[in-house]
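Got a few minutes to poke at a fold? Here's one to go through by question and answer.

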Amino acid sequence: MKSLIAATALTLACLAGAAQAADRVGEVGVDWTGNDIVIDAVPDPKVQGVTCHVTYFERGVIDRLRNGNWFEDPSNSSIACRQTGPITIGDIELDEGGEEVFKAGLSLIWKSLLVKRIYDKKNDTLIYLVHSREVVDGSAKMAISTVPLYNQNPTWTEGKPE
C-alpha cells in the first residue's frame, strides 16, 4: 500500500509540475471524491497580448482509489482565447500544422494536453486548438478558439506574411 501511495504522490507531482507554464486561476470542485475542473490562464509565448483560458478535469485521490486507472486524467478540455493587450506577433510557425503553445501531462507518461496555434492567413486569424495526444489511442475530444486580427493592427516582429 505504501508503494501505491508513493506512486500516486509522484504522479500528482509530475502532473502539477507539467502545468507550471500556465497560471491556475480557478479550481471548481465537482463532487465529494475530490474531482475538480481546473482553469489555467496560458499566455501565448510568441504572441504578446493573447491569453488562452484552458479548462480540464483533474481526478481526485478518492476517485483514483475507487475506480483504478491511477495514472491518467480524462481527455476532456475546453479553451477560450482573447486579446488581453496590444498584440505583438513574434516568429511563429505559419504552416498548417501550427505550433505548440502549451503542454501538460494528463498521465504519468503516455497522455498530454496540448494547445496549438495555427495562423489562418486568408482570414487573418489566430486559431488555438486544445486536444489530447496519446501514444496509442488518439482522442477525438477537442475544442478551438479564434483571435481575429482584422482591424487590430498587430505588430509583426518578423514582418506580416504576404
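Quick bit of vocabulary: two strands count as paired if DSSP finds at least two bridges between them. Keep in mind that this is a predicted model.

Q: How many residues lie between strand 2 and strand 3 in their hairpin?
A: Strand 2 and strand 3 run antiparallel, with eight bridges joining them. One facing pair is aspartate 40 and valine 54, the latter in strand 3. The two strands form a hairpin, and the number of residues between them is three.

Q: Which residue of strand 4 is the bridge partner of tyrosine 56?
A: Strand 3 and strand 4 also pair up, antiparallel, over nine bridges. Within strand 4, tyrosine 56 has as its bridge partner serine 77.

Q: Is the disulfide of cysteine 52 and cysteine 81 right-handed or left-handed?
A: A search of the whole structure turns up one disulfide, and its sulfur atoms, from cysteine 52 and cysteine 81, sit 2.1 Å apart. It ties together distant parts of the chain, strand 3 (residues 47-58) and strand 4 (residues 77-89), with the cysteines 29 residues apart. Both cysteines are buried. The torsion about the S-S bond is about 105 degrees, so the disulfide is right-handed.

Q: Does isoleucine 37 count as buried, partly exposed or exposed?
A: Isoleucine 37 belongs to strand 2 (residues 36-43). Together with Val28 and Val30, Ile37 makes a nonpolar surface patch of about 210 Å². Buried needs under 20% relative accessible area and exposed needs over 50%. Isoleucine 37 comes in at 34% relative accessibility, so the label is partly exposed.

Methods. Residues are numbered from 1 along each chain as its sequence is written. This is a predicted model: local features need pLDDT of at least 70, side-chain atom pairs count only at pLDDT 80 or more; totals for chains, interfaces and linings use all residues. Side-chain values use heavy atoms; hydrogens and water are left out. Patches are made of residues with over 30% relative accessible area and no salt bridge: like charges are joined within 9 Å, nonpolar side chains (Val, Leu, Ile, Met, Phe, Trp, Tyr) within 5 Å. Accessible areas come from the Shrake-Rupley method with a 1.4 Å probe; for residues, only the protein chains shown count as cover. A salt bridge is a side-chain nitrogen of Lys or Arg within 4 Å of a carboxyl oxygen of Asp or Glu. Helices (H or I, at least four residues) and strands (E, at least two) are DSSP runs, numbered from the N terminus. Buried means under 20% relative accessible area, exposed over 50%, partly exposed in between (1.4 Å probe, protein chains only). A disulfide is a pair of cysteine sulfur atoms within 2.5 Å.
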